[in-house]
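The following exercises concern one protein model. Each task is followed by a solution that goes step by step.

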Amino acid sequence: MPRSPRHAIPLTVALLVVSLPLPAAASPGLAQSAAPRATAAAPSTSTFAATSHREEAGRSTVDTTAGEVRTTLRDRATGAAVRGCVSLVPVDRDLLTVVYQGEAQDGRHGGCTGVDGGDVLASNVPPGRYHLLAEPYDNTQYGMQWVGRHGGTGQRERGVTIRVRPGKTVTAPTVRFDPPGTVTGRVTRAADGTPVYFGYVLPLPVVPHPKYSDYGVITDDDGRYTLTGLGPYRWPLYYTGPGLASQWSGGVADRRKADTVRVRSGTSVTSNQTLVAGTVVSGTIAVDEMPNYSQVIAFHARTGDVTGVVDVGADYTLRLLPGQRVLLRCDCAHAPSRWFPNAADVAGAQPVRIRRTPVTADFDLTGPATVPTP
């Protein structure tokens with residue numbers, strides 16, 4: 001499966017955003033990406049809702065008719081139209097876990113401007129609440145952002161919340177792009193200070209494909225990286241390294257508690273990080289037939305963010321940062337994914353607490369999945 005060019009988040013912002021209504025139970029490796037992302041925490045959130053003469057509360061049936069989101073992309077200083085894309089990233093934790101091999105965790109719905117820039121229409125958007133991520137085509141001139149009420153932010157929860165209602169069109173705030181800044185630094189191992197080679201530094205997590213691995217900035221032989229194309233705001237950054245626990249800047253598993261990196265237009269800021277080995281989470285996988293590419297993915301139990309990914313065979317070994325609870329999903333069969341211990345969807349997943357002692361979590365995909373009773 002060819003990887004979409006949109007996965008090169010920090011380096012290439014000329015990305016196509018498409019709507020791919022693939023169900024959460026899709027077979028691993030079949031899902032294509034939709035648009036780009038980034039994140040962090042904060043207090044006040046503005047909500048822009050499409051008007052509707054019907055209240056959702058108390059309705060006996062759920063209207064699943066899709067809605068639309070309109071916005072305009074402009075240069076903050078001049079007001080000129082800008083070319084780029086927007087992505088609708090679900091607020092709901094469970095919807096965030098609809099991410100598969102070769103995808104960035106940026107949702108499945110969005111839209112792009114025409115050749116003249118300016119107006120964007122995201123159509124066929126399922127009802128729900130979304131944050132809006134905007135990326136320009138030219139990331140040397142403008143930086144990506146989470147869209148706020150009056151400008152951009154690097155923290156997801158400081159952006160507006162877009163409420164899409166069935167059959168309605170939401171007019172979201174205008175996207176006002178600022179010139180980009182750069183983050184440079186060095187990633188090392190906490191145990192001995194040696195450089196971390198081939199680690200990712202990203203504004204949001206990805207589920208890597210074992211063959212197609214261009215998802216953004218990768219650390220070099222000396223552990224150094226340069227991340228460009230970020231708007232001049234405070235960003236939490238996601239760090240990974242082979243055989244090490246993934247973390248957000250500041251050494252935490254929860255992005256809402258991350259130390260944000262202050263990016264400034266036209267300049268470079270330094271952010272060095274150390275990565276720990278973390279706690280081993282391992283187990284066996286019983287399955288009738290294993291696909292060519294299989295993975296176990298850990299999601300943060302509260303935020304839904306990807307917090308660890310490992311390729312698997314008859315068993316797996318995943319390293320995770322202690323002090324978190326995770327939901328484990330095994331994309332290990334040609335059948336739909338399975339959530340630990342044996343659930344058909346994320347609603348039935350059992351959280352696993354990660355402490356400093358090893359954890360065992362086995363998967364048995366030879367029988368039917370457990371479906372929770374109503």
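**Exercise 1. Locate Thr 71 and describe its surroundings.**

Solution. Thr 71 belongs to strand S2, residues 67-75; strands (E, at least two residues) and helices (H or I, at least four) are DSSP runs numbered from the N terminus. The structure is a predicted model, in which local features need pLDDT of at least 70 and side-chain atom pairs count only at pLDDT 80 or more, while totals for chains, interfaces and linings use all residues. Residues are numbered from 1 along each chain as its sequence is written, and side-chain values use heavy atoms, with hydrogens and water left out.

Step 1: accessibility. The relative accessible area of Thr 71 is 5%, so the residue is buried (buried means under 20%, exposed over 50%, partly exposed in between, with a 1.4 Å probe and protein chains only).

Step 2: contacts. Leaving aside residues up to four places away in sequence, Thr 71 touches Val 86, Gly 118, Asp 119, Val 120, Ala 172, Pro 173, Thr 174 and Val 175; contact means heavy atoms within 4.5 Å. Although Thr 174 is 103 residues from Thr 71 along the chain, their C-alpha atoms are separated by 5.6 Å.

Step 3: polar contact. A polar atom of the Thr 71 side chain lies 2.7 Å from the backbone oxygen of Pro 173. A polar contact is a pair of N or O atoms within 3.5 Å; within protein, one must be able to donate a hydrogen and the other to accept it, and residues adjacent in sequence count only if both atoms are side-chain atoms.

**Exercise 2. How many disulfides does a search of the whole structure find?**

Solution. Step 1: the count. The search finds 2 disulfides, each a pair of cysteine sulfur atoms within 2.5 Å.

Step 2: the pair Cys 85 and Cys 112. These cysteines are joined with an S to S distance of 2.1 Å. The torsion about their S-S bond is about 95°, so this disulfide is right-handed. Cys 85 lies in strand S3 (residues 84-90) and Cys 112 in strand S5 (residues 109-112), so the pair ties together parts that are 27 residues apart in sequence. Cys 85 is buried at 2% relative accessible area, whereas Cys 112 is partly exposed at 22%.

Step 3: the pair Cys 330 and Cys 332. Their sulfur atoms are 2.0 Å apart. Here the torsion is about -110°, so the disulfide is left-handed. Cys 330 is buried, with a relative accessible area of 0%, and Cys 332 is likewise buried at 0%.

Step 4: the pattern. With the bonded cysteines numbered in sequence order, the pairing is 1-2, 3-4.

**Exercise 3. Examine the backbone at Pro 341, Asn 124 and Phe 198.**

Solution. Step 1: the reference. Most residues other than glycine have a negative phi, and most peptide bonds are trans.

Step 2: the peptide bond. From Phe 340 to Pro 341 the bond is cis, with omega near 5°. Pro 341 is in the loop between strand S29 (338-339) and strand S30 (352-354).

Step 3: positive phi. Asn 124 has phi near 55°; this residue lies in strand S6 (residues 119-125) and is partly exposed at 42% relative accessibility. Phe 198 has phi of about 60°; its place is the loop between strand S13 (181-189) and strand S14 (200-202), and its relative accessible area is 35%, partly exposed.

**Exercise 4. Which residues are joined into one network by salt bridges that share partners?**

Solution. Step 1: the count. There are 10 salt bridges, a salt bridge being a side-chain nitrogen of Lys or Arg within 4 Å of a carboxyl oxygen of Asp or Glu.

Step 2: individual pairs. Glu 103 and Arg 108 meet at 3.1 Å, N to O, and both are buried. Asp 331 pairs with Arg 329 at 2.8 Å, N to O; these two residues are buried as well. For Arg 255 and Asp 305, the closest N and O atoms are 2.4 Å apart. Arg 255 lies in the loop between S20 and strand S21 (261-262), and Asp 305 in the loop between strand S25 (295-300) and strand S26 (306-311), so this pair ties together parts 50 residues apart in sequence. Both Arg 255 and Asp 305 are buried.

Step 3: the network. Shared partners join Arg 156, Glu 157, Arg 255 and Asp 305.
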